[in-house]
Amino acid sequence: MFNLENMNEYEQYSYLIKMCDPYISYEVINGELKKVFKDETPDIIYEAQEKIKSLISSPGFELPR
């Protein structure tokens, strides 16, 4: 799927975020700003989003300040 083996967690996160960014838009739904995927988003982007969620929920993950 993704070649992330030689990257630390932050590098993986950055790579995946950059990969997903062009396919994400923001819409107001029920008075709240929500992140939504654009139409025709490739399946690999949904997989990348799941990987991002697993990275940020892993113990010890921190974004640099």
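Helices and strands are taken here as DSSP runs, a helix needing at least four residues and a strand at least two, with numbering from the N terminus. On this basis the chain, which is a predicted model, has two helices and two strands, and from the N terminus on these elements follow one another in the order α-β-β-α. The C-alpha atoms fill a box of roughly 40 × 25 × 15 Å along the principal axes. Of the 65 residues in the chain, 29% are buried, and the accessible surface comes to about 5100 Å², with 48% of that area belonging to carbon and sulfur atoms. Among the contacts with a separation of 6 or more, 49% are accounted for by residues 24 or more positions apart.

The two strands, strand 1 (24–29) and strand 2 (32–37), pair in the antiparallel sense over six bridges. Ile-24 stands opposite Phe-37 in strand 2, while the bridge partner of Ile-29 in strand 2 is Glu-32. Two residues lie between the strands of this hairpin, and Asn-30 belongs to the loop that they form between strand 1 and strand 2. Most residues other than glycine have a negative phi. Asn-30, although it is not a glycine, has a positive phi of about 55°, and with a relative accessible area of 78% this residue is exposed. A positive phi, of about 65°, is also found at Glu-40, which is likewise not a glycine. Glu-40 is placed in the loop between strand 2 and helix 2, and at 78% relative accessibility it counts as exposed.

Helix 1 has 12 residues and reaches 16 Å from its first C-alpha to its last, close to the 16 Å expected at 1.5 Å a residue. Its buried residues are Gln-12, Tyr-13, Ser-14, Leu-16, Met-19 and Cys-20, and what covers them includes strand 1 and helix 2. For helix 2, the 14 residues should span 20 Å at 1.5 Å a residue, and the separation of 20 Å between its end C-alpha atoms agrees with this expectation. The buried residues of helix 2 are Ile-45, Ala-48, Gln-49, Ile-52 and Leu-55. Seen down the axis of helix 2, these buried residues fall within an arc of 120°, so they line one face of the helix. An α-helix has 3.6 residues a turn, so residues three or four places apart point the same way. The cover over the buried residues of helix 2 includes helix 1, strand 1 and strand 2.

Gln-49, a residue of helix 2, illustrates this cover in detail. Its relative accessibility is 8%, and because buried means under 20% relative accessible area, Gln-49 counts as buried. When neighbours within four places in sequence are left aside, Gln-49 is in contact with Cys-20, Ile-24, Lys-35 and Phe-37. Of these partners, Cys-20 is one of the buried residues of helix 1, whereas Ile-24 and Phe-37 stand opposite each other in the paired strands.

Tyr-13, whose place is in helix 1, provides a further view of the packing around helix 2. The C-alpha atoms of Tyr-13 and Gln-49 are separated by 9.8 Å, although the two residues are 36 residues apart along the chain. Leaving aside neighbours within four places in sequence, Tyr-13 is in contact with Ile-52, Leu-55, Ile-56, Phe-61 and Leu-63, and among these Ile-52 and Leu-55 are buried residues of helix 2.

A pair of aromatic rings is described by the distance of the centres and the angle of the planes. With rings counted as paired if their centres lie within 6.5 Å, the count comes to two aromatic pairs. One of them is formed by Tyr-13 and Phe-61, with 5.6 Å from centre to centre and 55° between the planes, and this pair is tilted. Tyr-13 lies in helix 1 (residues 9–20) and Phe-61 in the segment after helix 2 (43–56), so the pair ties together parts that are 48 residues apart in sequence. Both Tyr-13 and Phe-61 are buried.

Notes. Residues are numbered from 1 along each chain as its sequence is written. This is a predicted model: local features need pLDDT of at least 70, side-chain atom pairs count only at pLDDT 80 or more; totals for chains, interfaces and linings use all residues. Side-chain values use heavy atoms; hydrogens and water are left out. Rings of Phe, Tyr and Trp (its six-membered ring) pair if their centres lie within 6.5 Å; planes under 30 degrees apart count as stacked, over 60 as edge-to-face and the rest as tilted. Buried means under 20% relative accessible area, exposed over 50%, partly exposed in between (1.4 Å probe, protein chains only). The expected span of a helix is 1.5 Å times one less than its number of residues. The arc is that of the directions from the helix axis to the C-beta atoms. Contact means heavy atoms within 4.5 Å. Accessible areas come from the Shrake-Rupley method with a 1.4 Å probe; for residues, only the protein chains shown count as cover. Two strands pair if DSSP finds at least two bridges between them.
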